Amino acid sequence: MSEYSSLLSDLSENITNEDLEQLKSACKEDIPEDQSNSITSSKEWFNYLEKNDKLAQDNLSYIEHIFEISRRPDLLTRVIEYRTTVLKISEDDEIDTKLTRIPSAKKYKDIIRQPSEDEIIKLAPPPKKA
């Protein structure tokens, strides 16, 4: 079993039916309702995402985004661990491509950037109590 297959299997084992409904709801812009209704397991959900180019061995940004907005940090952490250890892609390397893969984030790609040293406002420390 490849490490990617192992990742998906591990994720599937940790997604309940209730979780699956929440994940499908988070993807409602990308999965038509009739097809969403026919997805009854997390494995079917992953298969659908793969067939529709939302998920691949080297493209995990979409499910990272879905796990993040679905408030599943445990699943998100597993995906990030896979990305950083198996694919050797750090968060810094991923930032540009991540934003271009998530449809709703494309419009923010040009405005999201790290501020320069000159732009950072430095605050004075709070006053000491007497």
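**Figure 1. Contacts across the chain of a predicted model.** Among the contacts in the protein with a separation of 6 or more, 50% join residues that lie 24 or more positions apart. As you follow the chain in this predicted model, you will meet seven helices and zero strands. Written from the N terminus on, the order of elements reads α-α-α-α-α-α-α.

**Figure 2. Inside and outside of the protein.** How many of the 130 residues count as buried, as a percentage? The share is 32%. Turning to the outside, the protein exposes about 9,100 Å², and 49% of that area is supplied by carbon and sulfur atoms.

**Figure 3. Helices H5 and H6 side by side.** Here we zoom in on helix H5, which covers residues 61-69, and helix H6, which covers residues 73-85. Their axes come within 8 Å and cross at roughly 155 degrees. Why is H5 called roughly antiparallel to H6? Angles over 145 degrees count as roughly antiparallel, so H5 is roughly antiparallel to H6. The crossing of these two helices, H5 and H6, is left-handed.

**Figure 4. Where H5 meets H6.** Which residues of H5 and H6 meet? From H5 come Ile-63, Glu-64, Phe-67 and Glu-68. On the H6 side, look for Leu-75, Leu-76, Val-79, Ile-80 and Arg-83. Sorted by class, this contact of H5 with H6 has six nonpolar residues and three charged ones, with no polar residues.

Conventions:
Residues are numbered from 1 along each chain as its sequence is written. This is a predicted model: local features need pLDDT of at least 70, side-chain atom pairs count only at pLDDT 80 or more; totals for chains, interfaces and linings use all residues. Side-chain values use heavy atoms; hydrogens and water are left out. Helices (H or I, at least four residues) and strands (E, at least two) are DSSP runs, numbered from the N terminus. Buried means under 20% relative accessible area, exposed over 50%, partly exposed in between (1.4 Å probe, protein chains only). Contact means heavy atoms within 4.5 Å. Accessible areas come from the Shrake-Rupley method with a 1.4 Å probe; for residues, only the protein chains shown count as cover. Axes are lines fitted to C-alpha atoms, for helices over the stretch in contact, and angles run from 0 to 180 degrees between N-to-C directions. Angles under 35 degrees count as roughly parallel, over 145 as roughly antiparallel, 65 to 115 as roughly perpendicular and the rest as oblique. A crossing is left-handed if the near helix is turned anticlockwise from the far one by less than a right angle, and right-handed if clockwise. Ala, Val, Leu, Ile, Met, Phe, Trp, Tyr, Cys and Pro count as nonpolar, Asp, Glu, Lys and Arg as charged, and the others, Gly among them, as polar.
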